[in-house]
Amino acid sequence: MTATFQDWGLTYEWAWGLATIAGILLIALPLMLAVAMIIYADRKIWAAMALRRGPNVVGPFGLLQSFADGLKVFLQETIVPSAANKGLFLIAPIITFTVALMAWAVIPFNSGAVLADINVGLLYVLAISSLGVYGIVIAGWASNSKYPFFSAMRAAAQMISYEVSIGFILICVVLWAGSFNLNAIVLAQQGHVFGLLNGFVFNPLLFPMWVMFLISGMAETGRAPFDLTEAESELVAGYQTEYSSMSFALYWLGEYANVLLMCALNATLFFGGWLPPIDWEPLYAVPGIIWLFAKILFFFFIFSWVKATVPRYRYDQLMRLGWKVFLPVSLLFVVLVSGWLMFTRYGA
């Protein structure tokens, strides 16, 4: 894209700047539209599983329901509690929403189709996802109310607990791929099993890591059955209790953007990203971005399915799963994967 702008007579600096802005808009605008539609899909899936109809009034088949809800919150008054720290109270949802969008900069949509093709893309995703907890903690503290504060502390402990095991899971992927670059990780999955199947998920040593990564992703994004940060009985509505209007909507949008990011990471790290499931030449006629979107939608269906069917965990169960199950198992698999690679790649 930079070369195209240079052909129009711009200097390299201006061409690079415009190309970067265009790339950001090309990702951010469709992503926000996708978030609106994915909320509609989420509600439709829940309704189908509960034998209801779901949104069906606003627009054909209810497709415009999310936009009607967005217009409603946009027109509402933003109420700031008198005892709240006003500056931090207003900036917290902006942090959460911005961080949710920033992580998409390194997600490859096709071979080379990525905004920032950096060598440490996976470390960037980990760093950005870790920043999301600041928006939640600041919101809970700035509200100056005990219920949001309890929820913020609970959310921070939950996110930190599962980020530790996610880190060890990703070490296994990096060891096998030999790179932190997400493009390289996808290419390392081509013909991975029997020279036919694309994806680390078909590897017996990495399949348990994918199962743990999927569950940890649900906990990381606060989705059911790990939505302890919004447990109605003891926390009212969690760290969002005092929020209204667009500030509440930014948390809503940020949550769904993070869910889509986790779906994209599942597809990229374990299911071959833009590659077709089978390494068969005719399947490559389908554009890679279509394969990636299909996999993202598949994982989003799993997220919605779990939310509609699995009851909420207790907080002690949540912590026990993270620290006493996922952490030791992920550590064990780091040893197994590294030992297997040393034996097969560098042994004799």
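Helix H2 (12–49) and helix H11 (288–309) each contribute at least two residues to the lining of the largest pocket in this predicted model. The larger share belongs to H2, which gives the most to that lining, with 12 residues. The space in the largest pocket amounts to about 660 Å³. Its lining comprises 25 residues, and those nearest the centre are Leu26, Ile27, Pro30, Phe109 and Phe293. The lining of the largest pocket is made up of 21 nonpolar and 4 polar residues, with no charged residues.

The second largest pocket holds about 480 Å³ of space. It is lined by 19 residues, with Ile39, Ser66, Asp69, Gly70 and Trp252 closest to its centre. Two or more lining residues come from each of H2, helix H3 (65–75) and helix H10 (245–270). Of the elements that line the second largest pocket, H3 gives the most, with 7 residues. By class, this lining divides into 14 nonpolar, 2 polar and 3 charged residues. Charged residues are thus present in the lining of the second largest pocket, whereas the lining of the largest pocket has none. Helix H2 supplies at least two residues to the lining of the largest pocket and two or more to that of the second largest pocket.

Enclosed space was examined next. The structure contains 3 cavities of 30 Å³ or more. In the largest cavity, the space is about 340 Å³. A set of 25 residues lines the largest cavity, and Ile136, Met159, Glu220, Thr221 and Asn258 lie nearest its centre. The elements that each supply at least two residues of this lining are H4, helix H5 (121–142), H6, H8 and H10. The most is given by H10, with 7 residues. The lining of the largest cavity has 13 nonpolar, 9 polar and 3 charged residues.

The second largest cavity has a space of about 100 Å³. Its lining consists of Leu122, Val125, Leu126, Ser129, Glu163, Ile166, Leu170, Phe213, Glu220, Met262, Leu265 and Leu269. Glu220 belongs to this lining and is also one of the residues nearest the centre of the largest cavity. Helices H5, H6, H8 and H10 each provide at least two residues of the lining of the second largest cavity, and each of these four helices likewise supplies at least two residues of the lining of the largest cavity. For the second largest cavity, the largest share comes from H5, with 4 residues. By class, the lining of the second largest cavity has 9 nonpolar, 1 polar and 2 charged residues. Helix H10 therefore recurs in the descriptions above: H10 gives two or more residues to the lining of the second largest pocket, and at least two to the lining of the second largest cavity.On the surface, a nonpolar patch is formed by Leu88, Ile91, Ile94, Trp141, Tyr147, Phe149, Phe150 and Met153, which together have about 730 Å² of accessible area. Helix H4 (86–102) and helix H6 (146–177) each supply at least two residues of the patch. The largest share of the patch comes from H6, with 4 residues. Leu88, one of the patch residues, is found in helix H4. Leu88 counts as partly exposed because its relative accessibility is 31%, a value over the 30% that patch membership requires.

Backbone geometry is notable at two positions. Most residues other than glycine have a negative phi. Phe194 has a positive phi near 60 degrees and is not a glycine. This residue is found in the loop between helix H7 (182–188) and helix H8 (207–220). With a relative accessible area of 77%, Phe194 is exposed, since the class begins over 50%. Ser245, also not a glycine, has a positive phi of about 55 degrees. Ser245 is placed in helix H10. Its relative accessibility is 4%, so Ser245 counts as buried, the limit for that class being under 20%. Of these two residues with positive phi, Phe194 is exposed, whereas Ser245 is buried.

Methods. Residues are numbered from 1 along each chain as its sequence is written. This is a predicted model: local features need pLDDT of at least 70, side-chain atom pairs count only at pLDDT 80 or more; totals for chains, interfaces and linings use all residues. Side-chain values use heavy atoms; hydrogens and water are left out. On a 1 Å grid over the protein atoms alone, a cavity is a set of points where a 1.4 Å probe fits but cannot get out, and a pocket is an open set with protein on both sides within 12 Å along at least five of seven lines; lining residues have an atom within 4 Å of a point. Grid points are joined across faces, edges and corners, and a volume is the space filled by probe spheres set on the points. Ala, Val, Leu, Ile, Met, Phe, Trp, Tyr, Cys and Pro count as nonpolar, Asp, Glu, Lys and Arg as charged, and the others, Gly among them, as polar. Patches are made of residues with over 30% relative accessible area and no salt bridge: like charges are joined within 9 Å, nonpolar side chains (Val, Leu, Ile, Met, Phe, Trp, Tyr) within 5 Å. Accessible areas come from the Shrake-Rupley method with a 1.4 Å probe; for residues, only the protein chains shown count as cover. A salt bridge is a side-chain nitrogen of Lys or Arg within 4 Å of a carboxyl oxygen of Asp or Glu. Buried means under 20% relative accessible area, exposed over 50%, partly exposed in between (1.4 Å probe, protein chains only).
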